[in-house]
Amino acid sequence: QDRLRKVEFKSQAYQKTLTRYAWGDASIYELALSLKKGAYLCHGTAVFLHGLTDIIPKQIYVNAEQSAKPAPSGRLTQSALDRAFANKQRQSNLTYEYDGYGITMISGKNTGRLGVGPLSGPAGESLDVTNIERTLIDITVRPSYAGGVYQVLEAYRAAKPQVSVNRLLATLTKLDYVYPYQQAIGFFMDRAGYDSSRLQLAHERVTEFDFYLTYGIENREYDPKWKLFHPQGL
């Protein structure tokens with residue numbers, strides 16, 4: 001029996017088709033990783049693969065890192081931060097459709113695959129996936145790639161017994177973001193009921209800036225502890 005099959009991924013937005021040949025029962029995750037050399041599964045897909053949600057997502061997120069670029073120059077200002085978060089989050093338009101799944105290709109910043117390693121997938125296959133700490137950071141930075149801030153909060157709750165806050169904050173430092181994401185991370189941990197010693201690690205890093213939990217918040221509240229604007233009622 002011939003077990004070689006042809007798989008076609010179609011991108012409507014870019015009028016583009018990618019063809020792959022799979023031997024036997026390659027999973028949708030293995031096929032998604034084949035789309036770009038050195039790619040790894042991330043965001044909402046990593047949340048699912050780590051067992052932090054019961055929802056089986058039909059959207060798969062694949063990060064193919066950009067080449068290294070010089071760090072942005074200039075100091076962060078409150079007005080620049082306010083402007084950046086006043087609008088909706090930018091999202092990748094490159095999504096391939098296959099077999100009822102959408103595979104979104106993200107060209108993330110160059111991190112040298114920080115916090116990425118093999119994880120056993122649903123069919124026992126070995127998949128390159130961000131670890132729990134890197135996953136929580138990624139979905140804090142881009143909540144819409146995980147279903148929004150309420151889903152992000154659920155992931156923080158589910159991760160509570162196994163996440164290392166020290167490793168999470170060390171990873172965040174290495175990622176070297178301009179924006180103070182530690183304030184959003186601390187807020188999520190606080191709302192998810194992490195104990196005070198773990199919260200203190202994040203709280204020591206609160207900056208002079210007021211930050212935002214997500215982009216384009218319409219009805220917002222302010223949390224003075226984390227110096228953070230968040231959607232009302234979260």
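Visitor: Where does Asp54 lie?

Guide: This is a predicted model. Helix H2 covers residues 43–49. Strand S4 covers residues 59–63. Asp54 lies in the loop between H2 and S4.

Visitor: Is Asp54 buried or exposed?

Guide: The cut-off for exposed is over 50% relative accessible area. Asp54 has a relative accessible area of 76%, so this residue is exposed.

Visitor: What distance separates the C-alpha atoms of Asp54 and Tyr179?

Guide: Asp54 and Tyr179 are 125 residues apart along the chain. In space, their C-alpha atoms are separated by 31 Å.

Visitor: How many residues of strand S6 are buried?

Guide: Strand S6 spans residues 101–106. Tyr101, Ile103 and Met105 point one way from S6, and all are buried. Gly102, Thr104 and Ile106 point the other way and are buried as well. The strand is largely enclosed by the rest of the structure, because the buried count is six of the six.

Visitor: Which residue of S6 stands opposite Val62?

Guide: Strand S4 and S6 run parallel, joined by five bridges. Opposite Val62 in S6 stands Met105.

Visitor: In S6, what is the bridge partner of Glu97?

Guide: Strand S5 (residues 95–98) pairs with S6 in the antiparallel sense, over four bridges. The two strands form a hairpin with two residues between them. Asp99 in that turn has a positive phi of about 55 degrees. In S6, the partner of Glu97 is Gly102.

Visitor: Which residue takes a positive phi in the hairpin of S1 and S2?

Guide: Strand S1 (residues 4–11) and S2 pair in the antiparallel sense over eight bridges. Phe9 has Leu18 of S2 as its bridge partner. Four residues lie between the strands. The residue there with a positive phi near 50 degrees is Gln15.

Visitor: Why does Gln15 count as exposed?

Guide: Gln15 lies in the loop between S1 and S2. Gln15 is not a glycine, yet its phi is positive. Most residues other than glycine have a negative phi. Gln15 counts as exposed because its relative accessibility is 69%.

Visitor: Which residues make the nonpolar surface patch of about 400 Å²?

Guide: One member, Tyr21, sits in strand S2, residues 16–23. At 55% relative accessibility, Tyr21 counts as exposed. The patch is made by Leu4, Tyr21 and Trp23.

Visitor: In what order do the three strands of the open sheet run?

Guide: The edge strands are S9 (211–212) and S10 (220–223), each pairing on one side only. S9 and strand S11 (residues 228–231) run parallel, joined by two bridges. There, Phe211 has Leu228 of S11 as its bridge partner. The pairing is mixed, and the order is S9-S11-S10.

Visitor: At what angle to S11 does helix H7 run?

Guide: Helix H7 comprises residues 181–191. This helix lies across S9, S10 and S11. Its angle to S11 is about 55 degrees.

Visitor: Where does Lys227 lie?

Guide: Lys227 is not a glycine, but has a positive phi of about 50 degrees. At 22% relative accessibility, Lys227 counts as partly exposed. Lys227 lies in the loop between S10 and S11.

Visitor: How many residues of helix H4 are buried?

Guide: Helix H4 spans residues 132–141 and is mostly covered. Its buried residues include Glu133, Arg134 and Asp138. Ile132, Leu136 and Val141 are also among them. The buried count for H4 is ten of its ten residues.

Terms used: Residues are numbered from 1 along each chain as its sequence is written. This is a predicted model: local features need pLDDT of at least 70, side-chain atom pairs count only at pLDDT 80 or more; totals for chains, interfaces and linings use all residues. Side-chain values use heavy atoms; hydrogens and water are left out. Patches are made of residues with over 30% relative accessible area and no salt bridge: like charges are joined within 9 Å, nonpolar side chains (Val, Leu, Ile, Met, Phe, Trp, Tyr) within 5 Å. Accessible areas come from the Shrake-Rupley method with a 1.4 Å probe; for residues, only the protein chains shown count as cover. A salt bridge is a side-chain nitrogen of Lys or Arg within 4 Å of a carboxyl oxygen of Asp or Glu. Buried means under 20% relative accessible area, exposed over 50%, partly exposed in between (1.4 Å probe, protein chains only). Two strands pair if DSSP finds at least two bridges between them. Contact means heavy atoms within 4.5 Å. Axes are lines fitted to C-alpha atoms, for helices over the stretch in contact, and angles run from 0 to 180 degrees between N-to-C directions.
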